[in-house]
Amino acid sequence: MFTGIIQGKARIESIAAKKDFKTHIIRMPADLLDDLKLGASIAHNGVCLTVTEINGDLLSFDLMQETLRITNLGELQVGDEVNIERAMKMNDEIGGHMLSGHVYSMALIDEIIQSENNYQIWFSLLQPHLLKYILTKGYIAIDGISLTIGAVENARFCVNLIPETLERTIIAQKKTGDKVNLEIDSQTQAIVDTVERYLSEKAQS
């Protein structure tokens with residue numbers, strides 16, 4: 001489990017590619033290496049991956065076909081950075097919201113609106129049916145970042161970013177047309193699905 005509070009950025013140092021399979025090697029920030037062991041879970045842009053090799057501050061992760069298909073990790077190149085979060089520990093403070101690290105889909109950046117004191121990004125979904133789970137003032141995870149939905153309009157939604165988020169994460173590197181990973185809030189999904197099921201059963205009775 002994760003919280004969506006990004007702990008750092010990591011550079012991809014090399015990529016070994018095979019058919020429908022890749023191994024990413026990243027350079028982990030020194031302050032995130034404490035007690036790290038093989039098999040540990042680390043989120044890359046919100047995707048839960050398993051540490052398969054440790055060589056100093058270089059960590060290896062295997063990406064299967066499904067991960068490459070539904071996330072933006074398959075499009076990354078050597079030199080790119082990813083948002084990093086280690087798995088949460090019991091009794092840790094949860095500053096964001098509970099995340100599984102299981103990305104549902106991707107969204108496209110439609111528009112970036114910057115002003116002196118504000119930074120707003122609008123997204124459109126690659127799977128429009130997920131829009132029912134995206135509610136104004138609800139939670140969403142974008143590339144692993146826990147964010148509050150600012151507004152939902154015309155089949156798209158926006159988030160507003162503070163300077164700390166822009167500094168700590170890779171989201172300020174994004175541009176219009178880029179893809180981001182999306183994890184919808186599990187509680188919102190459960191409520192929406194329960195209400196839909198209830199209304200369906202009531203209509204049939």
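Strand E8 (residues 119-125) pairs with strand E11 (residues 156-160) in the antiparallel sense, over five bridges. The model is predicted. Within this pairing, phenylalanine 123 stands opposite phenylalanine 157 in E11. Both strands belong to a closed barrel of six strands. The order around the barrel is E7-E8-E11-E10-E9-E12, with antiparallel pairing. Neighbouring strands of this sheet are turned by 45 degrees against each other on average, direction ignored. Strands of a sheet pair through backbone hydrogen bonds, either parallel or antiparallel.

The UniProt record, an unreviewed entry, lists residues 1-97 and 98-195 under "domain: Lumazine-binding". In the model, the span 98-195 is 16% helix and 42% strand. The C-alpha atoms at the ends of this span lie 22 Å apart.

A further set of pairings centres on strand E6 (residues 81-86). Five of the six residues of E6 are buried, so this strand is largely enclosed by the rest of the structure. Strand E1 (residues 8-18) runs antiparallel to E6 and is joined to it by four bridges. Here lysine 9 stands opposite asparagine 83 in E6. Strand E3 (residues 41-44) also runs antiparallel to E6, with three bridges between them. In that pairing, isoleucine 42 has arginine 86 of E6 as its bridge partner. In a regular strand the side chains alternate between the two faces of the sheet.

Charged contacts were examined next. The structure holds 11 salt bridges. Side chains of opposite charge can pair when their charged atoms come close. Glutamate 66 and arginine 69 form one such contact through their side chains, at 2.8 Å from N to O. Both residues lie in helix H1 (residues 65-70). They are three residues apart, and therefore separated by about one helical turn. Glutamate 66 is partly exposed, at 43% relative accessibility. Arginine 69 is exposed, with a relative accessible area of 55%.

A second salt bridge involves the barrel strands. The side chains of glutamate 111 and arginine 156 meet at 3.2 Å, N to O. Glutamate 111 lies in strand E7 (residues 105-114) and arginine 156 in strand E11, so this pair ties together parts that are 45 residues apart in sequence. Glutamate 111 is partly exposed, at 30% relative accessibility. Arginine 156 is also partly exposed, with a relative accessible area of 22%.

A third salt bridge links two loops. Aspartate 143 pairs with lysine 174, the closest N and O atoms being 3.4 Å apart. Aspartate 143 sits in the loop between strand E9 (139-142) and strand E10 (145-153). Lysine 174 sits in the loop between helix H2 (163-168) and strand E12 (179-184). The contact therefore ties together parts that are 31 residues apart in sequence. Aspartate 143 is buried, with a relative accessible area of 2%. Lysine 174 counts as buried at 14% relative accessibility, because the cut-off for buried is under 20%. Elsewhere, Arg11, Glu13, Arg27 and Asp57 are joined into one network by salt bridges that share partners.

Two loop residues show positive phi values without being glycine. Aspartate 35 has a phi of about 60 degrees. This aspartate is found in the loop between strand E2 (21-27) and E3. Aspartate 35 is exposed, with a relative accessible area of 61%. For asparagine 154, phi is near 50 degrees. Asparagine 154 is found in the loop between E10 and E11. Asparagine 154 is exposed, with a relative accessible area of 76%.

A nonpolar surface patch was also identified. Ile191, Val195, Tyr198 and Leu199 make this patch, which covers about 410 Å². Leucine 199 lies in helix H3 (residues 186-204). Leucine 199 is partly exposed, with a relative accessible area of 48%.

Methods. Residues numbered from 1 in each chain as written. Predicted model: local features only at pLDDT ≥ 70, side-chain atom pairs only at ≥ 80, totals over all residues. Heavy atoms only, no water. Patch = residues over 30% accessible without salt bridge, like charges linked within 9 Å, V, L, I, M, F, W, Y side chains within 5 Å. Areas by Shrake-Rupley, 256 points an atom, 1.4 Å probe, with all protein chains shown as cover. Salt bridge = Lys/Arg side-chain N within 4 Å of Asp/Glu carboxyl O. Buried < 20%, exposed > 50% of the residue type's maximum accessible area, 1.4 Å probe, protein only. UniProt positions renumbered as here; feature names shortened; annotations may be inferred. Pairing = 2+ DSSP bridges. Axes fitted to C-alpha atoms, helices over the stretch in contact; angles between N-to-C directions.
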